[in-house]
Amino acid sequence: MSRLVIVESPTKARTIHSFLPDDYVVEACMGHVRDLPPSAKEIPQKYKDLPWARLGVDIENDFAPLYVIPSDKKSVIKKLKDLLKDANELILATDEDREGESIGWHLTEVLKPKVPIRRMVFHEITREAIEAALQDTRTIDQQLVRAQETRRILDRLVGYTVSPLLWKKISPGLSAGRVQSVAVDILVEREQRRLAFRSGSYWDLRATLEAYRQRFVATLSSVGGVRVASGKDFDENTGEIRKGAKVLLLNEQQATELKARLDQGRWSVVDVNERVQNRRPPPPFTTSTLQQEANRKLRLSSKETMRVAQRLYENGYITYMRTDSVHLSNEAIHATRTAVKARYGAEYLSKSPRQYTTKSKAAQEAHEAIRPAGNQMKTADELGLSGAEYRLYDMIWKRTMATQMAEAVVRFLDASVQVDNAIFQATGKRIDFPGYFRAYVEGSDDPDAALDDQESPLPPLKVGDGVECRELLTVGHETIPPARYTEASLVQSLEKEGVGRPSTYATIISTIQERGYVIKDGNRLIPTFMAFTVSRLLEEHFPDLVDTQFTARMEQTLDDIAAGEVDWLPYLREFYCGEAGLESLVDAKTQSIDPRAIYALELDAIGAKVRIGRYGPYIERENGDGVVRASLPPTMPPGDLSIEEAEQFLRQKDEGPQPIGFDPETGLPVFLLRGPYGYYVQLGDSDEEKPKRTSLPRGMNPEDVSFQVALGLLALPRKLGLDPETGDEIYAGIGRFGPYVRRGDNYKSLTKADHVLSVDLPRALELLSQVKKFGVLREIGPHPEDGELVTVNSGRYGPYIKYKRTNASLPKGVEPEAVTMEMALKLLAEKKAAPKKGTTAKGKTKSKTSDSKEPSKTTKKPRKSTKSTKKKDNG
């Protein structure tokens, strides 16, 4: 007889099995084995006619959930049951958080074991940790299970009750979520501030000064004892100086006159202030801070970060990656201090072991921070890691080292330099002792911010020193709108407000993008007009669902349920069935909400509104003859829609576009138009059959498109000449992936320094002669069937997915960074199933895919895989 150990993934199973005796069989359940029905077809026949079946929760029967085993998990369950027949003990080794506890409980409910059950928990997969966990098992924590089940039911009640109302009042296919809707509302609120923002302008002076043969920069701070205005003094809603601010606002003329007066003055140091600051290293990573820093430093999305961290954990390289705690075990501290002393020297070691205190509102996940697993503290190079795993592990390793290193000592020197009645301010920074900077420096959300370890020293100035002015410039400034959220800053905001749990943020951010509420531009998250419309409806009619404090209190209640301090059933009844409960509120609002009263934006200045229609956002305004409606680009950021631009859309729709000239060869009008995907030039009227169109190259502003430029774009592709070696014709044009030069089937993209209308033959030949830089863009992970690597590659015709000898092109509009393993497997399966050239659909043979292939017979060495293990998150 054997002992059956069940974990979530094959990779985790393989790693754990290597630490266990031969009589242990380790098998993966592949994540959740049952859940509420994801769709109507998954509802068992005997429940289909019940009024609560679609909801999946029997409200009248104490909110009893209807659990079903997904069709793709039935073979997994059968396999586990067969293995259990030959086992004399069942050990549940699922993750130690609430979700892992819930998976373990569901396994017992489905498998109904008749042998002893033990619950085994650990926060790192090392030999020592696994052996210790086997000696310290426990039973399933029913309070954790109940808290997770309550969370799942709450998410279901909100999503399945409010979403149908959105379908009726706004558009089909929309969704609301307990945490998702709050995240969207946070993004919308910031975009509304950008929309209301009014820019202000101000001027100051910047001097390049020299003393002790060293040059430094100083900025005008006051004139005649009055502080000179800066960006912080402006009201973002008016573009004017805030009321009550006693500052001097300079315009260009005043700044120029002041410069002329000061040019002849004598400059001298009137004040010097030196201060020393000890910088304490940041705490080790939690789930939230890992996602934030990986986004800032590595440009990884939250979802990518958690996917890579999951692989590192399951392979035994880091501790459990879902944690709110910054605590480090005594063993980890000792191992870290040993590594610091060996690699950096004793002088870089902190005087005593440093421990951090968790400040999270409800640290409820694992009990230790994210750090390298074990007590060897090996580097990424020593582990042989590569790609994203290398970069993320290296960041975790350095942050862990920093926690036990000496404080950095930074010396600041502030100097005031006077000329006439004006004071200029200069600030310098020098690092007296780098301390933990040797290992780790935190990133910043501000790309222009200087990092902590960057020096900018001043000369050794003293009061009374004379300095020479080498250059004095007038500098104009425009205030800028509030910055849009990045994934890092959104995660930080959600955690600060106590909304959701860090382990769910990756799924939430991914979901709001997939649902069309948010588009990602570089690293910025931009809410769409659809997001504006949904948030407006929820704010007006369901304010609690987008109230951060209400959602935070709900999270606290769930934590209290987990701690056994609150009874789950009365809480659910009050939330859903109470006098002001969600059920009655949705029923009332379904009747009272007028769909025409719901819109995204109201542009009072021109009497127009932005609405969501069947084909996307549009702007409408009443005129004397009725209502004028004009479509808006679906990816247009709401905060960038100016009154002037809105007027242009309406006027173009009402009056029709005005030509910028007439083609001298055909006499046809030439237009500069804006479509759903940006600006383009067009030859002939739109009502003609297939008028010629050419998109503006990326980086070209519509204001720069003259009539001659438009004619040049419409003439593309243009012939540059002949290749002197081959005699082939060389062309320049604009294609699906931007401007290019071409020789036969050989294409080469133009660089930012090249222009499609001016690139010449020698430059084209130079580009075409360069070695193609096709290759791997990013690693998605091992294939769940055989562990072979699945990658996203760059190719001649764009990015594609590669697995062994199968290549599958990415759909148009899908960025390589957004490709998940699930998406990759689907595209690869479709590629394999497609008929090959020269065959017909009738004659093709059906390929086996990962969805249809039956699991192979279990061995004591599970197959290598990193198939996703956690499927359900809040939101």
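Biologist: What makes strand 22 and strand 23 (residues 692-695) count as paired in this predicted model?

Modeller: Two strands pair if at least two bridges are found between them, and strand 22 and strand 23 are joined by four bridges and run antiparallel, so the pair meets that condition. Within this pairing, Gln682 has Arg693 in strand 23 as its bridge partner, and Leu683 stands opposite Lys692, also in strand 23.

Biologist: Which bridges join strand 21 to strand 22, and what do the two strands form?

Modeller: Strand 21 (residues 669-675) and strand 22 (residues 678-683) run antiparallel and are joined by six bridges, and with two residues between them they form a hairpin. One of the residues involved is Val670, whose bridge partner in strand 22 is Leu683.

Biologist: Why do strand 20 and strand 23 stand at the edges of their sheet?

Modeller: The sheet is open, with four strands in the order 20-21-22-23 and antiparallel pairing. Strand 20 (661-662) and strand 23 each have a single partner strand, so one side of each is left without a neighbour in the sheet. Helix 20 packs on this sheet, where it touches strand 20, strand 21, strand 22 and strand 23, and its direction makes about 80° with that of strand 22.

Biologist: Where is Ala715, and why is this residue called partly exposed?

Modeller: Ala715 is placed in the loop between helix 20 (707-714) and strand 24. Partly exposed covers relative accessible areas between 20% and 50%, and because the value for Ala715 is 47%, the residue is partly exposed. Ala715 is also 21 residues from Thr694 in sequence, while the C-alpha atoms of the two are 9.0 Å apart in space.

Biologist: What makes strand 24 and strand 27 the edge strands of the other sheet?

Modeller: Four strands form that open sheet, in the order 24-25-26-27 and with antiparallel pairing, and strand 24 (718-722) and strand 27 (746-749) are its edge strands, since each pairs on one side only. On average, neighbouring strands of this sheet are turned by 25° against each other when direction is ignored.

Biologist: How many bridges support the pairing of strand 26 with strand 27, and what packs on the sheet?

Modeller: Strand 26 (residues 738-743) pairs with strand 27 in the antiparallel sense over four bridges, and Tyr740 stands opposite Ser749 in strand 27. Helix 21 (residues 761-769) packs on the sheet and touches strand 24, strand 25 (729-735), strand 26 and strand 27, its direction making about 85° with that of strand 26.

Biologist: Why are helix 16 and helix 17 called roughly antiparallel?

Modeller: Angles over 145 degrees count as roughly antiparallel. The axes of helix 16 (residues 548-562) and helix 17 (residues 568-577) come within 10 Å and cross at roughly 155°, and the two helices are therefore roughly antiparallel to each other. In their contact, Phe550, Met554, Thr557 and Ile561 of helix 16 meet Trp568, Tyr571 and Phe575 of helix 17, and these residues divide into six nonpolar, one polar and no charged.

Biologist: How do you know whether Ser181 is buried or exposed?

Modeller: Buried means under 20% relative accessible area, and because Ser181 has 6% relative accessibility, this residue counts as buried. Ser181 lies in helix 6 (residues 180-196), and a polar atom of the Ser181 side chain lies 3.0 Å from the backbone nitrogen of Gly177. Leaving aside neighbours within four places in sequence, Ser181 is in contact with Ala176, Leu538, Leu545 and Val546.

Key: Residues numbered from 1 in each chain as written. Predicted model: local features only at pLDDT ≥ 70, side-chain atom pairs only at ≥ 80, totals over all residues. Heavy atoms only, no water. Axes fitted to C-alpha atoms, helices over the stretch in contact; angles between N-to-C directions. Parallel < 35°, antiparallel > 145°, perpendicular 65-115°, else oblique. Contact = heavy atoms within 4.5 Å. Nonpolar A, V, L, I, M, F, W, Y, C, P; charged D, E, K, R; others polar. Buried < 20%, exposed > 50% of the residue type's maximum accessible area, 1.4 Å probe, protein only. Polar contact = N/O pair within 3.5 Å; in protein donor to acceptor, adjacent residues only side chain to side chain.
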